[in-house]
Amino acid sequence: MSLEELIRRIPKAELHIHIEGSLEPELMFDIARRNSVGLRFRSVDELRRAYAFTDLQSFLDIYYEGASVLRTERDFYEMTAAYLRRAAADNVRHAEIFFDPQTHTSRGISFETVFGGISGALRDGPISSKLILCFLRHLSAESAMETLEAALPFKSGIVAVGLDSSEVGNPPSKFASVFSRARSEGLLTVAHAGEEGPPSYIREAIDLLGVSRIDHGVRCLEDPQLVQEIVAHKIPLTVCPLSNVKLRVFRSMKDHNLRTLLRHGVRATINSDDPAYFGGYIVENFRAAAEALALTESDIRQLARNSFEASFLSPEEKEKMLR
Ligand code: ADE
Ligand code: ZN
């Protein structure tokens with residue numbers, strides 16, 4: 001089997017996908033028309049041309065604008081169903097999906113509408129899945145706490161809370177009490193850290209937020225002691241290669257540190273982050289990283305194994321998927 005075939009066929013789990021980041025321009029325009037929401041782009045092509053980012057914030061500005069077309073439960077359902085179909089085609093067997101309720105509740109869309117649409121599609125979906133509620137870190141800790149309160153009646157459908165949006169200047173410590181509350185309610189925790197922010201944010205996420213995984217985490221290599229801890233405690237990193245190049249965390253895929261992370265024994269995984277914006281789903285991420293970094297068959301198998309081991313599936317479910 002060629003490496004290309006192995007990448008396509010090997011069963012995978014996806015652990016870092018923002019559902020709002022899977023909204024393809026065609027569906028965005030369909031939903032905008034249906035809801036009579038105006039977009040400042042006249043066509044799918046014009047919108048795609050705007051997907052030229054210089055850093056995380058330049059992406060987030062367009063990403064939040066795109067999400068503004070979503071208004072009804074049906075919109076959230078269709079977006080989620082489309083992602084699940086696409087992931088299944090890449091032989092993703094299990095997905096742990098982020099959603100950003102504050103992006104919608106701040107526009108007057110209820111938590112119930114957002115959660116109802118997404119969780120309905122997950123229930124009807126072709127693959128196994130779990131849902132992770134992310135707090136927007138550019139907003140206040142009070143706003144995050146209000147969001148957590150709104151989510152608690154639905155917590156049986158939510159496995160964990162996470163932290164995303166503008167990283168620099170919004171350290172994990174800002175959300176320590178919210179995460180502590182979430183953990184006391186039985187929720188697991190993850191956080192974006194060390195994407196654009198310094199290694200100290202990764203350490204804060206581990207020490208103050210009690211995270212089970214770090215999202216991105218690629219800047220950990222700047223702190224050898226931290227790398228040792230991440231390896232010793234088997235703290236997984238959900239790495240997103242195409243995202244990192246599009247948002248200029250690395251200058252090119254050849255400069256990406258994924259291979260180095262693997263050689264250090266870090267439990268790294270490959271994920272798509274916001275596939276509609278960054279030029280590809282999980283297979284394209286594997287392919288681009290494998291080609292630029294000369295990953296081996298054994299690396300690909302390790303990455304796929306890591307994805308199930310790092311997941312929030314039960315030990316029995318993990319065992320079954322790994323087999
Ligand atoms: N929200 C969606 N994608 C994100 C990313 N890569 N980093 C931070 N917040 C995000
Ligand atoms: Zn992300």
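## Arg 213 and the ligand site

Let's start with Arg 213, which is part of strand S6, the run covering residues 213-216. Keep in mind that this is a predicted model. Is Arg 213 buried or exposed? Its relative accessible area is 1%, and because anything under 20% counts as buried, Arg 213 goes down as buried.

What does the side chain of Arg 213 reach? One partner is Glu 96: the two side chains make a polar contact at 2.8 Å. Another is the backbone oxygen of Ala 310, which the side chain of Arg 213 reaches at 2.9 Å.

Ala 310 is worth a look in its own right. You'll find Ala 310 in a loop, with helix H16 (297-309) on one side and helix H17 (315-322) on the other. Ala 310 has a relative accessibility of 5%, so it counts as buried too. Its C-alpha atom is 8.5 Å from that of Leu 237, although the two positions lie 73 residues apart in chain numbering terms, counted as their separation along the chain.

Now for the ligand. Where does ligand 1 sit? It's in the largest cavity. The residues around it are His 18, Leu 56, Phe 59, Leu 60, Tyr 63, Asp 164, Ser 165, His 192, Glu 195, His 216, Asp 273 and Asp 274. By type, that shell splits evenly into four nonpolar, four polar and four charged residues. Helix H4 (residues 56-67) gives the largest share of the shell, with four residues.

Three side chains place an N or O atom at these distances from a nitrogen atom of ligand 1:

| Side chain | Distance to a ligand 1 nitrogen |
|---|---|
| His 18 | 3.3 Å |
| His 216 | 3.3 Å |
| Asp 274 | 2.7 Å |

How much of ligand 1 does the protein cover? On its own, ligand 1 has 260 Å² of accessible area, and the protein covers 100% of that.

One more spot, this time in another loop. Ile 127 belongs to the stretch between helix H7 (111-124) and strand S3 (128-136). Its relative accessibility is 12%, so Ile 127 counts as buried. How far is Ile 127 from Tyr 64 in space? From C-alpha to C-alpha the gap is 27 Å, with the pair 63 residues apart in sequence.

Technical notes: Residues numbered from 1 in each chain as written. Chains lettered and ligands numbered in written order. Predicted model: local features only at pLDDT ≥ 70, side-chain atom pairs only at ≥ 80, totals over all residues. Heavy atoms only, no water. Near = heavy atom within 4 Å. Polar contact = N/O pair within 3.5 Å; in protein donor to acceptor, adjacent residues only side chain to side chain. Areas by Shrake-Rupley, 256 points an atom, 1.4 Å probe, with all protein chains shown as cover. 1 Å grid on protein atoms, 1.4 Å probe; cavity = no way out; pocket = protein on both sides within 12 Å on 5 of 7 lines; lining within 4 Å. Sits in = over half its atoms within 2 Å of the grid points. Helix = DSSP H or I, 4+ residues; strand = E, 2+ residues; numbered from the N terminus. Nonpolar A, V, L, I, M, F, W, Y, C, P; charged D, E, K, R; others polar. Buried < 20%, exposed > 50% of the residue type's maximum accessible area, 1.4 Å probe, protein only.
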